[in-house]
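Trainee: I would like to go through this model with you, strand by strand and residue by residue. Please give the reasoning before each result.

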Amino acid sequence: MNKLFMSAIYFIILLQGCKQESVVVNDLQFEEKLVVRSMLTAGQPIRVYFSKTVPVSGSYNPDDFIVKDVIASINNENNSYKLTYADSGYYTYPGLNASNGETYSLKADWKGKQSTSQTIVPFSTQYQNAKLVTEVNGTDTTYSLQCMLTPRTGAVYGVTWVIINADSVFRLEDTVIPELLREQDKNLLNLLILKTRNIPNELINKWRKSLFIRVHAFDAQYYNFFLTQNANTATTNVFNQSNISLRWNVKGGGIGMFIGETNFIIKVNL
């Protein structure tokens with residue numbers, strides 16, 4: 001995945017904290033569950049991370065969360081791919097990459113309980129008018145990036161800013177998506193107006209000509225999860241079972257997210 005988060009948000013993005021924080025607060029009766037974390041990014045190898053919830057016990061080792069005995073498979077059209085344990089909690093199938101427009105189903109059996117999920121990897125979409133936005137409020141000036149795009153049915157969208165300077169080999173990317181927009185959020189011209197977080201002024205002063213905007217398109221299922229767990233803050237409690245309002249798309253004996261994503265970057269023309 002060609003970004004800092006979103007292996008970070010979104011899962012990245014989104015979802016990095018699962019590995020270290022699969023902890024259940026003791027205000028509820030503890031129930032051990034399988035935890036699933038997978039962002040299926042178009043063009044990238046499919047990897048599924050499995051861990052488990054554990055009760056609070058004072059000190060813990062992140063490796064204690066990893067489970068290595070999950071029987072799991074991914075179905076795509078009429079093909080079934082049995083996943084095998086690779087390392088650090090991740091399961092893979094050699095050569096299996098995520099593709100735009102494809103639907104993937106996950107089945108995982110662990111300790112006699114089955115967990116299932118299904119997602120689609122969105123297509124990319126048409127965009128226009130990627131620009132730097134300057135806002136002046138009294139003596140304060142803030143900068144962000146904005147673009148407009150044509151949404152597709154079944155996808156939700158967010159953006160982050162990126163700085164890429166080939167001459168100095170400098171690269172910096174924001175890891176936080178401030179909001180997700182759906183197809184129904186489009187304006188009268190049938191466009192979504194997407195805006196990044198503010199970019200620090202010192203970065204604008206130095207790298208104004210090296211600005212890019214990354215468009216993230218997620219399976220629409222991601223929208224409710226994003227809202228209910230406040231994913232845009234990159235919380236370390238992504239998989240904390242005590243928050244019963246979380247809207248996972250993993251069903252059955254497990255919790256977590258198995259979600260499709262496509263992303264691409266646009267040069268900002270000043």
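Trainee: Which residue stands opposite S73 in β6?

Mentor: This is a predicted model, so what follows describes computed geometry. Strand β5 covers residues 71-76 and pairs with β6 in the antiparallel sense over four bridges. Within that pairing, the residue of β6 opposite S73 is K82.

Trainee: What is the strand order of the open sheet of five strands?

Mentor: The pairing in this sheet is antiparallel. The edge strands are β6 (79-82) and β17 (251-252), each of which pairs on one side only. Read from one edge to the other, the order is β6-β5-β9-β10-β17.

Trainee: Which strands are the edges of the open sheet of eight strands?

Mentor: That sheet has mixed pairing and the order β7-β8-β3-β2-β18-β16-β13-β14. An edge strand here pairs on one side only, and this applies to β7 and β14 (170-173).

Trainee: By what angle are neighbouring strands of this eight-stranded sheet turned against each other on average, direction ignored?

Mentor: The sheet in question is the open one with mixed pairing. Taken over its neighbouring strands, with direction ignored, the average turn is 30°.

Trainee: In β8, what is the bridge partner of T84?

Mentor: Strand β7 (residues 84-87) pairs with β8 in the antiparallel sense over three bridges. The two strands form a hairpin with two residues between them, and S88 in the turn has a positive phi of about 50°. Across this pairing, the partner of T84 is T92.

Trainee: Which residue of β8 stands opposite P45?

Mentor: Strand β3 (residues 45-52) is joined to β8 (residues 90-97) by four bridges, and the two run antiparallel. The residue of β8 that stands opposite P45 is N97.

Trainee: At the β14 edge, which residue stands opposite N165?

Mentor: Strand β13 (residues 155-165) and β14 pair in the antiparallel sense over four bridges. In β14, the residue opposite N165 is F170.

Trainee: Is E261 buried or exposed, and which side chain does its own side chain contact?

Mentor: E261 lies in strand β18 (residues 254-267). Its relative accessible area is 0%, so E261 is buried. The side chain of E261 makes a polar contact of 3.3 Å, and the partner is the side chain of H216.

Trainee: Is R214 buried or exposed, and what polar contact joins it to E173?

Mentor: R214 belongs to strand β16 (residues 211-219). R214 counts as buried because its relative accessibility is 1%, and the cut-off for buried is under 20%. The side chains of R214 and E173 are joined by a polar contact of 2.6 Å.

Trainee: Why does I266 count as buried?

Mentor: I266 is found in strand β18. Buried requires a relative accessible area under 20%. I266 counts as buried because its relative accessibility is 3%.

Trainee: Which residues does I266 touch, not counting those up to four places away in sequence?

Mentor: With those sequence neighbours set aside, contact means heavy atoms within 4.5 Å. On that basis, the residues touched by I266 are Y127, A130, C147, L211, F212, I213 and V215.

Trainee: What distance separates the C-alpha atoms of I266 and Q128?

Mentor: I266 and Q128 are 138 residues apart along the chain. In space, the separation of their C-alpha atoms is 9.3 Å.

Note on methods: Residues numbered from 1 in each chain as written. Predicted model: local features only at pLDDT ≥ 70, side-chain atom pairs only at ≥ 80, totals over all residues. Heavy atoms only, no water. Buried < 20%, exposed > 50% of the residue type's maximum accessible area, 1.4 Å probe, protein only. Polar contact = N/O pair within 3.5 Å; in protein donor to acceptor, adjacent residues only side chain to side chain. Pairing = 2+ DSSP bridges. Axes fitted to C-alpha atoms, helices over the stretch in contact; angles between N-to-C directions.
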